[in-house]
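Here is a short tutorial on reading a protein structure. A learner asks, and a teacher answers.

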2 protein chains.
Amino acid sequence: MEKYFEILRACALFEHIEQQDIFGMLACLGAKAKEYSKKQVVFARGQPARYVGVVLSGSVRIEQLDYSGQRGIVSTCQPADIFAESFACAGGATLPVSAVCARDSSVLLIDSARIMAPCDSSCHFHRQLIYNLMKIIAAKNIRFHRKLDIISRRTTKEKLLAYLSYMAAENNSRSFYIPFSRQELADYLEVDRSGLSVRISRLKKEGMLECDKNFFCLLGETAEGT
Amino acid sequence: MEKYFEILRACALFEHIEQQDIFGMLACLGAKAKEYSKKQVVFARGQPARYVGVVLSGSVRIEQLDYSGQRGIVSTCQPADIFAESFACAGGATLPVSAVCARDSSVLLIDSARIMAPCDSSCHFHRQLIYNLMKIIAAKNIRFHRKLDIISRRTTKEKLLAYLSYMAAENNSRSFYIPFSRQELADYLEVDRSGLSVRISRLKKEGMLECDKNFFCLLGETAEGT
DNA sequence: TCATTTTTGTTGAATTTTCAACATACAATA
DNA sequence: TATTGTATGTTGAAAATTCAACAAAAATGA
């Protein structure tokens, strides 16, 4: 377990918790590290959502069943990533997804009820842990909200402009670098890559946009202030 | 303030907190009820996100600025609804949206730092409050995730089937009633209403679907178990 | 019951996207 | 430097969406 020290330190769940306190706290929470081999199931769809998972090594995929019964990958979690936290914290319900190891992996399991339960020793780490968990879930919420706002536009052009104006707001500037390749941007916007290219080209011609690789600059009547 | 008793009782934030404890706790948290007139701003875009809001009366709109400077309504909050909680709990950042009263309203403001801070009297309501807040945010997260999964499909047919299979899973049955009119369903799926009608008709003809008004039944090779 | 309003389904035209195939530019590496 | 492979832009055809206008059906209310 101690060999995963660096991983735990990098995990947002343990931010601002002193290194020497982490293991004591995990013991207090009854957290357990478990080893899984490739394709083994960590959480199965339908079982009650109790545990928060932290990937210690390997990689874990969150999978979902399609309406046609097709398996779909919701996300892939790498070491230091936390998963199933929303389900565990939303209370009660059963898992609508499964967590399956993409290869041999080691996972830390923490009972969400223990996280929320009163702690006898009233360790202040515990409070920080709750705060961290809240922050993680709230931040994810904001990301989802933003993506939803972007994806819900009807056309590629609108999606792109919505995304770019978010980036502009984030950078306090109309010029910025995006963290995506064209293919990745298309994936994020949930549109066809070549169609996206066409759209970017046209926006350039129309003078609404300048860009070179990952650098973008919004031009024209694009409002900013107010 | 006491006149809003019923509203507070209906608010998810105060679930499982004894009625007689609510006001004491609010005092302990330094929560304040404020009156606003129509169009007055509760939270302004750009200011630090500190407070969680609870609508006591009237109605509050969460507004956002478009890339073209257009105002867009993200959501409308009715009495007992809570708003700005994700921003307040995600830590640090400034608000990317504004909260504006759609009419004369009364709003309860609670400092999120006080919610998370250690409570001297260590009231157990406080713990329940944190738990409730976590649950609210996590549940919203799941709703967002689901909607994202649906909306990110490329075609209306796929969006519809994704939505319907979520409903089927939720009801443990291929037959169920949906809580939307056609127009509302189209809005939820972010597609054109008439186009949606066309799609539903075709799916009926193809024998994949039966439906009558709000009643739907998935047919055919739609997998369910496993 | 009748009249009115709202909701839903249908149609065709215009727009847009997707998809496949290909050309070019760029990057990595032998 | 030449070669190879990846990323990006371009094109045209097929498919899907949006949009506007209208018709039919259902709900509402006088």
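The dialogue below goes through symmetry, interface, sheet, core and salt bridges.

Q: What kind of model is this?
A: This is a predicted model. Keep that in mind throughout.

Q: How do I read symmetry here? What rotation superposes chain A on chain B?
A: Look for the turn that lays one copy over the other. Here the rotation is 180°, with 0.0 Å of shift along its axis. Chain A then superposes on chain B with an RMSD of 0.1 Å. That is the relation of a two-fold axis. In chain A, the C-alpha nearest this axis belongs to A:Asn141, 2.7 Å away from it.

Q: How many residues of each chain are in contact with the other?
A: 50 residues of chain A are in contact with 50 residues of chain B. Next, ask whether the copies use the same surface. They do meet through the same surface, because 100% of the interface residues of chain A are also interface residues in chain B.

Q: How much area do chain A and chain B bury between them?
A: About 4500 Å². Of that, 64% is on carbon and sulfur atoms. Three residues stand out on the chain A side: A:Tyr67, A:Met134 and A:Leu148. They supply 18% of the area that chain A buries against chain B, more than any other three residues.

Q: How do I read a sheet? What is the strand order in chain A?
A: Start with the general idea. Strands of a sheet pair through backbone hydrogen bonds, either parallel or antiparallel. Now the case here. Chain A has an open sheet of 4 strands, in the order β1-β8-β3-β6, with antiparallel pairing.

Q: Which strands stand at the edges?
A: In chain A they are β1 (32-36) and β6 (82-83). Each has a single partner strand, so one side of each is left without a neighbour in the sheet.

Q: How many bridges join strand β3 to strand β8 in chain A?
A: There are 6 bridges between β3 (residues 51-57) and β8 (residues 105-111) of chain A. One to find on screen: A:Tyr51 has A:Asp111 in β8(A) as its bridge partner.

Q: How do I read the core? Which residues of the largest nonpolar core touch the most other members?
A: Look for members with many neighbours. This core has 62 residues, and A:Leu13, A:Phe14, B:Leu13 and B:Phe14 touch the most other members. Take A:Phe14. Leaving out residues up to four places away in sequence, A:Phe14 touches several residues, among them A:Leu8, A:Ile22, A:Met25, A:Leu108 and A:Leu129.

Q: How many salt bridges are there over all chains?
A: The count comes to 14 over all chains. Across the interface of chain A and chain B, the count is 0.

Q: Which residue forms a salt bridge with A:Glu190?
A: A:Lys147 does, with the closest N and O atoms 3.5 Å apart. This pair links distant parts of the chain, 43 residues apart. A:Glu190 sits in the loop between α7 (182-189) and α8 (193-205), and A:Lys147 in helix α5 (residues 124-151). A:Lys147 counts as buried because its relative accessibility is 16%, and buried means under 20%.

Q: Is B:Asp111 buried or exposed?
A: B:Asp111 is buried, at 10% relative accessible area. B:Arg50 forms a salt bridge with B:Asp111, the closest N and O atoms being 2.5 Å apart. B:Arg50, however, counts as partly exposed at 42%.

Q: What about B:Arg153: buried or exposed?
A: B:Arg153 counts as buried, at 18% relative accessibility. B:Arg153 forms a salt bridge with B:Asp149, with the closest N and O atoms 3.1 Å apart. B:Asp149 counts as buried too, at 14%.

Notes: Residues are numbered from 1 along each chain as its sequence is written. Chains are lettered from A and ligands numbered from 1 in the order in which they are written. This is a predicted model: local features need pLDDT of at least 70, side-chain atom pairs count only at pLDDT 80 or more; totals for chains, interfaces and linings use all residues. Side-chain values use heavy atoms; hydrogens and water are left out. Copies are superposed by least squares on the C-alpha atoms of residues with pLDDT of at least 70 in both. Contact means heavy atoms within 4.5 Å. Two strands pair if DSSP finds at least two bridges between them. Helices (H or I, at least four residues) and strands (E, at least two) are DSSP runs, numbered from the N terminus. A nonpolar core is a set of buried Ala, Val, Leu, Ile, Met, Phe, Trp, Tyr and Cys residues joined through side-chain atoms within 4.5 Å. Buried means under 20% relative accessible area, exposed over 50%, partly exposed in between (1.4 Å probe, protein chains only). Buried area is the accessible area (1.4 Å probe) that two parts lose on being put together, summed over both. A salt bridge is a side-chain nitrogen of Lys or Arg within 4 Å of a carboxyl oxygen of Asp or Glu.
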